Amino acid sequence: MGYRSEVVFAIDKKVVPLFIAHIASNTAAQTLCFKHSDHHTKDYQGEGHWLFRWDHIKWYGSYPGIQAIMSFVGEKLQELPESFEEAEEYYRLVVLGEEVEDIKDEGWGFDSIFINRSVGY
C-alpha cells in the first residue's frame, strides 16, 4: 500500500525546453509524467504551460522519476540565465499528503493552483 499523496506540478512555457532536456534520458521521469499522471496538459491556462497531476501516488524522493522532478526544481531551475526572473516564478509544485499537516507548496507561479481541504455534507 504505502503512503499516498495528491500532487500537482506546473511549469511555465519558458522553461518547458529545459524540462524536456532534463528528463530526456530519464525513462522513469518520462513514464511518471506522460504515462502515470492522472492528468497532463501541454496547454495549461491556454498559454502553452505544462501541468501534471497525480491523484494517488507514492511521492517518495527515492524513486528515480520523482528525483528527476525534484532535481529539476531544486537544481536546474536555479541555473536560469540572468535574463530570467527568480526560479520560483516559473513553476508550482504542490504535494498534499494523507496526513492533514503534510502539505508541501513550492514555487510562486500559477496562482490558480491552490490547496483546498474541506469537509462537505
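This is a short tour of selections to make in the viewer, with what each one shows. The model is predicted.

**Stop 1: strands β4 and β5**

Select residues 91–97, which form strand β4. Add residues 103–106 for β5. The two strands pair in the antiparallel sense, over four bridges. Together β4 and β5 make a hairpin, with five residues between them. For one of the bridges, pick L96 and look across to β5: the bridge partner is I103.

Now select E101. This residue sits in the loop between β4 and β5. Is E101 buried or exposed? E101 is exposed, because its relative accessibility is 66% and the cut-off for exposed is over 50%. Add M70 to the selection. M70 and E101 are 31 residues apart along the chain, and 21 Å separates their C-alpha atoms.

**Stop 2: R92**

Go back to β4 and select R92, which belongs to this strand. Its relative accessibility is 10%, so R92 counts as buried. Show the side chain, then add F110. A polar atom of the R92 side chain lies 3.1 Å from the backbone oxygen of F110.

Next, bring up the surroundings of R92. Leaving out residues up to four places away in sequence, R92 touches V8, F9 and A10, then D105, E106 and G107, and also G109, F110, D111 and I113.

**Stop 3: H49**

Select residues 49–57 for strand β3. H49 is part of this strand. Its relative accessibility is 4%, so H49 counts as buried. Which backbone atom does the side chain of H49 reach? Add K13 to find out: the H49 side chain reaches the backbone nitrogen of K13 at 3.0 Å.

K13 is also on the contact list of H49. Neighbours within four places in sequence are set aside here; the list includes I11, D12, T41, K42, D43 and Y44. F110 is there too, in contact with H49. You met F110 at the previous stop, where its backbone oxygen lies 3.1 Å from a polar atom of the R92 side chain.

**Stop 4: the largest pocket**

Select E6, V8, H39, L51, R53, V94, L96, I113, F114, I115 and N116. These residues line the largest pocket. Its volume is about 210 Å³. What classes of residue make up the lining? Seven are nonpolar, two are polar and two are charged.

Colour the strands to see where the lining comes from. β1 (5–11), β3 and β4 each supply at least two of its residues. L96 of the lining is the residue bridged to I103 in β5. V8 and I113 are in the lining, and R92 touches both.

**Stop 5: helix α3**

Select residues 64–74 for α3. Highlight G65, I66, A68, I69, S71, F72 and V73, which are buried. What do the buried residues of α3 pack against? They pack against two helices, α1 (16–23) and α2 (27–34), and against strands β1, β3, β4 and β5.

**Stop 6: F84**

Finish in the loop between α3 and β4, where F84 lies. F84 counts as partly exposed, because its relative accessibility is 24%. Add K14, V15 and Y90. F84 touches these residues, not counting those up to four places away in sequence. K14 and F84 are 70 residues apart along the chain, and their C-alpha atoms are separated by 9.2 Å.

Technical notes
Residues are numbered from 1 along each chain as its sequence is written. This is a predicted model: local features need pLDDT of at least 70, side-chain atom pairs count only at pLDDT 80 or more; totals for chains, interfaces and linings use all residues. Side-chain values use heavy atoms; hydrogens and water are left out. Buried means under 20% relative accessible area, exposed over 50%, partly exposed in between (1.4 Å probe, protein chains only). A polar contact is a pair of N or O atoms within 3.5 Å; within protein, one must be able to donate a hydrogen and the other to accept it, and residues adjacent in sequence count only if both atoms are side-chain atoms. Contact means heavy atoms within 4.5 Å. On a 1 Å grid over the protein atoms alone, a cavity is a set of points where a 1.4 Å probe fits but cannot get out, and a pocket is an open set with protein on both sides within 12 Å along at least five of seven lines; lining residues have an atom within 4 Å of a point. Grid points are joined across faces, edges and corners, and a volume is the space filled by probe spheres set on the points. Ala, Val, Leu, Ile, Met, Phe, Trp, Tyr, Cys and Pro count as nonpolar, Asp, Glu, Lys and Arg as charged, and the others, Gly among them, as polar. Two strands pair if DSSP finds at least two bridges between them.
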